[in-house]
Amino acid sequence: MNTILRKSMLSVAGLLMTGGAVAGPALAAYAAPAETGPTGALRVDKANKTSKTSKDDKTSKDDKGERRASYEYQAQPNFYYCGPASARIALSAEGKSVSQDELAAKLGTTENGTDSAVDITRVLNEYTDGRYKTTEISSDVASKEQIERLRVDVKAAVDAGEPVVANILGGAVDTEGREHSYPGHYLTVVEYKDDGNTVKIADPADPAIQEYWMDAAELANWIAGRGYSS
């Protein structure tokens, strides 16, 4: 069995045994869709963070080691569509408009969630000519090498206009001191600064905030036991 999937299943089994209301390895907290018009989508602009309908370049950057992939945010419409929603955000940076339902069908998403980062990579590659790969952080705590690998991978991916989709578990704290906690979730990394040591996350389960900054080491430990597609 794939190690990422196996660890996801074991994590869920442990939560079930302790009474946690968990239905599958990538289950996210319920999030109502954002009120963003007929498609539920917002085109995010780096300069002013407002929505717009014109087609952006794949990335934008400044002179402070910061780069952002241009993308279209869309909240997940139910508690188990975090995988399709995160994949959709990533593909929107490629100028591809794919429905979450289409992606869910390809991912095999059910009310139990989406099995693993391997599935996200497989489906993203159907739309991007095989440019994504899966990286596993198999330990419970990310090593220095794994944190550095994530930093390098995020930089390379965002520089190419291809956001990273991460499979996370548990809780993590963003740079504003807010805790984000899920019993299994997918989210998309769309921007970096400080040479990749700080990254911005587009979270489909949090339409009120939509995106937040996080230390790369914090994100790596959030991914620990699972993996990411970059």
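## Starting at Tyr81

Does Tyr81 count as buried or exposed, and at what relative accessibility? In this predicted model, Tyr81 has a relative accessibility of 10%, and because buried means under 20%, Tyr81 counts as buried.

As for its setting, Tyr81 sits in the loop that runs between S4 and H2. Leaving aside residues up to four places away in sequence, Tyr81 touches Gln76, Gln100, Asp101, Ala104 and Thr109. There's also a long-range pairing to look at: Tyr81 and Ala205 are 124 residues apart along the chain, yet their C-alpha atoms are separated by 8.9 Å.

## The chain overall

Stepping back, the chain is built from six helices and ten strands. Of its 230 residues, 54% are buried. If you take the contacts with a separation of 6 or more, 64% of them join residues 24 or more positions apart.

## H2, a covered helix

Right after Tyr81 comes H2, covering residues 82-92, and it's mostly covered: eleven of its eleven residues are buried. The list includes Cys82, Pro84, Ser86, Arg88 and Ile89, so a charged residue, Arg88, is on it too.

H2 has helix partners to go with that. One is H3 (residues 100-107), which packs against H2 at an angle of about 115°, the axes being 8 Å apart. The crossing of these two helices is right-handed. On the H2 side, Gly83, Pro84, Ala85, Ala87, Arg88 and Leu91 take part, and they meet Gln100, Leu103, Ala104 and Leu107 of H3. By class, that contact comes out as seven nonpolar residues, two polar and one charged. Two of the H3 residues here, Gln100 and Ala104, also turn up among the residues touched by Tyr81.

## H2 against H4

Another partner is H4 (residues 117-128). Here the helices pack at an angle of about 35°, with axes 11 Å apart, and this crossing is right-handed as well. H2 brings Gly83, Ala87, Ala90 and Leu91 to the contact, while H4 brings Ile120, Leu124, Tyr127 and Thr128. The class count is six nonpolar, two polar and no charged residues. Gly83, Ala87 and Leu91 of H2 appear in this contact and also in the one with H3.

## Two nonpolar cores

Now for the cores. The largest nonpolar core has 34 residues, and the members touching the most others are Val154, Ile168, Ile201, Leu219, Trp222 and Ile223. Elements that each supply at least two residues to this core include strands S4 (71-74), S6 (164-173) and S7 (179-193), along with helices H5 (144-159) and H6 (216-223). A separate core of 14 residues lies apart from it, with Leu103, Leu107, Leu124 and Tyr127 among its members.

Leu219 is a handy residue to click on. Setting aside residues up to four places away in sequence, Leu219 touches Leu150, Ile168, Val189, Val199, Ile201 and Met214.

## H5 and what follows

H5 has 16 residues and spans 22 Å from its first C-alpha to its last, close to the 22 Å expected at 1.5 Å a residue. Its buried residues are Gln146, Leu150, Arg151, Asp153, Val154, Ala157 and Val158. Many of these spacings are threes and fours, as with Leu150, Val154 and Ala157. An α-helix has 3.6 residues a turn, so residues three or four places apart point the same way. Just past the end of H5, Gly161 adopts a positive phi of about 75°.

Methods:
Residues numbered from 1 in each chain as written. Predicted model: local features only at pLDDT ≥ 70, side-chain atom pairs only at ≥ 80, totals over all residues. Heavy atoms only, no water. Buried < 20%, exposed > 50% of the residue type's maximum accessible area, 1.4 Å probe, protein only. Helix = DSSP H or I, 4+ residues; strand = E, 2+ residues; numbered from the N terminus. Core = buried A, V, L, I, M, F, W, Y, C linked by side-chain atoms within 4.5 Å. Contact = heavy atoms within 4.5 Å. Axes fitted to C-alpha atoms, helices over the stretch in contact; angles between N-to-C directions. Left-handed = near helix turned anticlockwise from the far one by under 90°. Expected span 1.5 Å × (residues − 1).
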